[in-house]
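This report describes the architecture, packing and charge pairing of one protein. The sequence and structure are shown first, and the description follows.

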Amino acid sequence: MARLNPHGLTDQQDRFCQEYVANGGNATKAYISAGYSPAGADVSASRLLGNARVQERIKELQTSVAERLGITQEYLLGHLKEIIDNHTNPNKDRLRAVELAGKNLAMWVEKTENKNKNEGDVTAKVILIPAGSRESGQD
């Protein structure tokens with residue numbers, strides 16, 4: 001059996017976590033960069049992301065990066081508020097900042113509806129629903 005590090009992961013699993021955080025969350029690239037086989041990397045990487053210890057390690061690494069950079073929730077929300085309040089910014093930028101701030105504060109949730117069209121074509125529609133409403137499933 002493979003040796004586990006203090007995080008309860010093999011060295012290769014830990015490397016996957018580090019690569020995942022470093023590349024901005026691309027699991028397939030992280031899987032290959034960690035030394036796993038490229039064959040079936042997308043499915044295998046997805047399965048590895050389902051591992052609770054891997055999830056914990058990724059969260060730990062992300063938190064560490066944010067702390068080193070001094071990026072806190074308050075810091076990000078403050079910058080979003082500046083974008084929202086600056087009426088010289090384009091409306092699309094201000095609306096995007098409102099959306100991001102609302103998501104961060106769990107003011108609404110996203111609901112995705114997939115619909116099949118013409119033999120295999122799939123379209124997705126994203127709806128923002130106020131958190132706590134009946135449709136959000138958050139009752």
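## Charge pairs within helices

Asp-85 is partly exposed, because its relative accessible area is 40%, between the limits of 20% and 50% that bound this class. The model is a predicted one. The side chain of Asp-85 meets that of Lys-81 in a salt bridge, with an N to O distance of 2.4 Å. Both residues belong to helix α5, which covers residues 73–85, and they lie four residues apart, about one turn of the helix.

Two further pairs are placed within a helix. In helix α1 (residues 11–22), Arg-15 and Glu-19 are four residues apart, about one turn, and their side chains form a salt bridge at 2.6 Å, N to O. In helix α6 (residues 91–104), Glu-99 and Arg-96 are three residues apart, again about one turn, and the closest N and O atoms of their salt bridge are 3.2 Å apart. An α-helix has 3.6 residues a turn, so residues three or four places apart point the same way.

| Salt bridge | N to O distance |
|---|---|
| Asp-85 and Lys-81 | 2.4 Å |
| Arg-15 and Glu-19 | 2.6 Å |
| Glu-99 and Arg-96 | 3.2 Å |

How exposed are the partners? Arg-15 counts as partly exposed because its relative accessibility is 40%. Glu-19, at 18% relative accessibility, counts as buried, since the limit for that class is under 20%. Glu-99 has a relative accessible area of 21% and is therefore partly exposed. Arg-96 is also partly exposed, with 41%.

A search of the whole structure finds seven salt bridges. Beyond the tabulated pairs, a network of salt bridges links Asp-14, Arg-57 and Glu-60. Asp-14 is one of the buried residues of α1.

## Overall architecture

The secondary structure comprises six helices and two strands. Read from the N terminus, the order of elements is α-α-α-α-α-α-β-β. The protein has 139 residues, of which 22% count as buried. Its exposed surface amounts to about 10100 Å², and carbon and sulfur atoms supply 51% of that area. Among contacts between residues at least 6 apart in sequence, 30% join residues at least 24 apart.

## Helix α1 and its surroundings

Helix α1 has twelve residues, which at 1.5 Å a residue should span 16 Å; the C-alpha atoms at its ends are 16 Å apart, so the expected and modelled values agree. Which residues of α1 are buried? They are Gln-13, Asp-14, Phe-16, Cys-17, Glu-19 and Tyr-20. These buried residues pack against α2, α3 and α4.

Asp-11 also lies in α1, but this residue counts as exposed because its relative accessibility is 61%, and the class begins over 50%. The C-alpha atom of Asp-11 is separated by 9.1 Å from that of Ala-34, although their positions lie 23 residues apart along the chain when counted as sequence separation. Just after α1, Gly-24 adopts a positive phi of about 85 degrees.

## The nonpolar core

In soluble globular proteins, nonpolar side chains tend to be buried together. Here the largest nonpolar core holds 15 residues, and the members that touch the most others are Phe-16, Cys-17, Tyr-31 and Val-54. Elements giving two or more residues to this core are α1, α2 (27–33), α3 (41–49) and α4 (52–69). Phe-16 and Cys-17 are also among the buried residues of α1.

Which residues does Val-54 touch, leaving aside those up to four places away in sequence? Its contacts are Leu-9, Phe-16, Cys-17, Leu-48 and Leu-49.

## A nonpolar patch on the surface

Some nonpolar residues are found at the surface. Val-65, Leu-69, Ile-71, Tyr-75 and Leu-76 form a nonpolar patch there, with about 430 Å² of accessible area together. Helices α4 and α5 are the elements that give two or more residues to this patch. Val-65 is located in α4, and this residue counts as partly exposed because its relative accessibility is 30%.

Helix α4 thus appears in two settings: α4 gives two or more residues to the largest nonpolar core, and likewise to the surface patch. Helix α5 contributes to that patch and also carries the salt bridge pair Asp-85 and Lys-81.

Notes: Residues numbered from 1 in each chain as written. Predicted model: local features only at pLDDT ≥ 70, side-chain atom pairs only at ≥ 80, totals over all residues. Heavy atoms only, no water. Salt bridge = Lys/Arg side-chain N within 4 Å of Asp/Glu carboxyl O. Buried < 20%, exposed > 50% of the residue type's maximum accessible area, 1.4 Å probe, protein only. Core = buried A, V, L, I, M, F, W, Y, C linked by side-chain atoms within 4.5 Å. Contact = heavy atoms within 4.5 Å. Patch = residues over 30% accessible without salt bridge, like charges linked within 9 Å, V, L, I, M, F, W, Y side chains within 5 Å. Areas by Shrake-Rupley, 256 points an atom, 1.4 Å probe, with all protein chains shown as cover. Expected span 1.5 Å × (residues − 1).
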